[in-house]
Amino acid sequence: MTAQTAEWAHRPRCDQTAAWAMLGQHFRQDGAAFDLRQAFTDDARRFERLSQPAPHVFADLSKNRIDAATEALLLQLARECRVEAHRDAMFAGEPINATEGRAVLHTLLRAPRGAQDGALAAERAEVHATLDAMLAFAETLRADPHITDVVNIGIGGSDLGPQMAVLALDAFAGSGKRLHFVSNVDGHELAAKLKQLQPRSTVFLIASKTFTTIETMTNALSAKRWFEAQTGAEAPVDIARHFIGLTTNVAAARAFGISTTFGFWDWVGGRYSVWSAIGLPLAVTIGAEGFRAFLAGAHAMDEHFRTAPLESNLPVRLGLLDVWYRNFHGFSSRCIAPYHSALRRYPAYLQQLEMESNGKRVDLSGQALGYGTSPVLWGEPGTNGQHAYFQMLHQGTDVVPVEFVAVKKARHDLAGHHPMLLANALAQAQALMQGKVDQGGQKDFPGNRPSTFLLLDDLTPASLGALIALQEHRVFVSGSLWGINSFDQWGVELGKVLAKDIEPRLASGDTNGLDASTAGLLGRIRTI
């Protein structure tokens, strides 16, 4: 074991540090009663001190329940928990995914060809060879006048990432292709898509690292049967032309009839895979140049996270804020409010990124944690959310931190819309903080409700890449502090295992060994 490995592998859990105890005392003395309005009154430079630029993103943290003393203690916590060593181990390719014995190298997927990383030179060469081939294929597909539709069949990270990015960057779409995404094993989703398609003008992307993901392969086989029924005797040849595999299991893809595959590596987790061949739908949408800009924006944020001092390191500051809110204030959820309709799948993407990564109840040694981990993430684009759940945010019994995302530049020419949108974003953050006193009570807004404001100059491939990478690293920081493995997802599997047992029972009616509720529901379903 190297000295570097020892430093991150044996770092203390957050609740075992002196800083944790001091944060608890600080919260009881000052933090619990912290008032944002008074904080702005007392400190004319609060916005300046608690906001900062990072690559492609400006962040205002000043409307959060923190001050200089809180940040100082949180930074001490990060240092005592060896967050910097853990981060460096990730970038160095050490096996920080301890339960699976794997490195975590999604950052390598967006590193430029000429960067220096010594021991990772071979991996970098493989990454760029695959990237070049994938982008060349994307350009060929974009230029093919006979293809009008591209259907991505995946689930989880093989769906949420590319779908979110394709929608977000629709303004940069130049291929003329219609992109479709199918993830749900519910056949209604696939059937509805197939009604819109013609087989000879459609390409299907089958996105599954192992080519065994049950939902994805069920949908893929149904798409294949539909295609064969439509094309008749020529189907075997056409399947090779119209079905593409995004997988490492080339043999299984070949058995399916696929001859063109683009793979990735076991050090790429599903929720971090949009930078890999899983990003092919995005490359088809925005082209090779746009996809490289997407990677470059993420790499710029990687370098910020890797090199910036903790005091001005935006992913670190956000991750520390998450721990402060979750473990000391007891806030159990965070609302995501993107004020841009193109980011409508951004909340769903972040749900997987954070809750699958940090929704863990034991530490790396398998010991139960005595504190909360991942908050519940939820949200919808503004201004829709203002007419749905913002009532609860302003006047409800629970305090929910809100994270606003706004974009300065509009990519439409409809007069008056964008200023109104931005004004609403600013006003909601202001109203949450300031509140409003009403003597009658019904119109009383307590205020002092925290929010973070992330501002992009423009929603471009580069800025979207930076925004996603910012969130990835923020999740890493909070998971590192909590002493958990943010890169496995054992909890995804149990329900799938049980479903394999239950599915044949729906036909046979066998309820032996089932609990009374499941047995009763199974019987009820069989009577329909």
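Let's start with the largest pocket of this predicted model, which holds about 1000 Å³ of space. Its lining is made of 37 residues, and the closest to its centre are Thr 213, Gln 489, Val 492, Glu 493 and Lys 496. Which helix gives the most to this lining? That's α19, with four residues. Helices α8 (157-168), α10 and α15 (346-358) also supply at least two residues each.

Keep an eye on α10, since this helix leads us to a sheet. Helix α10 covers residues 214-231 and packs against strands β3, β4, β5 and β6 (243-246). These strands belong to an open sheet of five, and if you walk across it you meet β4, β3, β5, β6 and β7 in that order, with parallel pairing. At the edges you'll find β4 (178-182) and β7 (261-262); each has a single partner strand, so one side of each has no neighbour in the sheet. Look inside the sheet at β3 (residues 149-153) and β5 (residues 202-207): they run parallel and are joined by five bridges. One spot to click on is Val 151, which stands opposite Phe 204 in β5. As for the helix on top of the sheet, the direction of α10 makes about 155° with that of β5.

There's a second sheet to explore. This one is also open, with six strands in the order β1-β2-β11-β10-β8-β9, and its pairing is mixed. Its edge strands, β1 (51-54) and β9 (376-378), pair on one side only. On average, neighbouring strands here are turned by 20° against each other, if you ignore direction. What holds such strands side by side? Strands of a sheet pair through backbone hydrogen bonds, either parallel or antiparallel. For an antiparallel case, take β2 (residues 57-60) and β11, which pair over three bridges. Here Asp 60 stands opposite Phe 453 in β11.

Some loops around this sheet have backbone quirks. In the loop between β1 and β2 sits His 56, with a positive phi of about 70° even though this residue isn't a glycine. His 56 is partly exposed, at a relative accessible area of 40%. Asn 448, in the loop between α17 (417-434) and β11, also has a positive phi, near 60°, and isn't a glycine either. Is Asn 448 buried or exposed? Buried, with a relative accessible area of 10%. Then there's the loop between β9 and α16 (390-395), home to Thr 383. A cis peptide bond links Thr 383 to Gly 382, with omega at about 10°.

Now for the spaces that are closed off. How many cavities of 30 Å³ or more does a search of the whole structure find? Four. The largest cavity holds about 120 Å³ of space. Of the 16 residues lining it, those closest to its centre are Asp 322, Tyr 325, Arg 334, Pro 401 and Arg 474. Helix α14 (314-329) and strands β8 (333-339), β10 (402-407) and β11 (451-456) are the elements that give two or more residues to this lining. Helix α14 gives the most, with four residues.

Asp 322 is worth a closer look. This residue is found in helix α14 and is buried, with a relative accessible area of 6%. Who does Asp 322 touch? Leaving aside neighbours within four places in sequence, Asp 322 is in contact with Arg 334, Glu 354 and Arg 474.

Finally, let's visit the nonpolar cores. The largest has 113 residues, and those with the most contacts inside it are Leu 77, Trp 267, Phe 291, Trp 324 and Leu 464. Helix α13 (residues 280-307) gives the most to this core, with 12 residues. If you zoom in on Trp 324 and skip residues up to four places away in sequence, its contacts include Leu 23, Phe 27, Ile 66, Leu 74 and His 329. Apart from the largest core lies another, of 19 residues, among them Ile 153, Leu 194, Phe 204 and Ala 220.

One last stop is helix α6 (residues 83-91). Seven of its nine residues are buried, so this helix is largely enclosed by the rest of the structure. Among the buried ones are Val 83, His 86, Arg 87 and Phe 91. Just after α6 comes Gly 93, with a positive phi of about 85°.

Notes
Residues are numbered from 1 along each chain as its sequence is written. This is a predicted model: local features need pLDDT of at least 70, side-chain atom pairs count only at pLDDT 80 or more; totals for chains, interfaces and linings use all residues. Side-chain values use heavy atoms; hydrogens and water are left out. A nonpolar core is a set of buried Ala, Val, Leu, Ile, Met, Phe, Trp, Tyr and Cys residues joined through side-chain atoms within 4.5 Å. Buried means under 20% relative accessible area, exposed over 50%, partly exposed in between (1.4 Å probe, protein chains only). Contact means heavy atoms within 4.5 Å. Two strands pair if DSSP finds at least two bridges between them. Axes are lines fitted to C-alpha atoms, for helices over the stretch in contact, and angles run from 0 to 180 degrees between N-to-C directions. On a 1 Å grid over the protein atoms alone, a cavity is a set of points where a 1.4 Å probe fits but cannot get out, and a pocket is an open set with protein on both sides within 12 Å along at least five of seven lines; lining residues have an atom within 4 Å of a point. Grid points are joined across faces, edges and corners, and a volume is the space filled by probe spheres set on the points.
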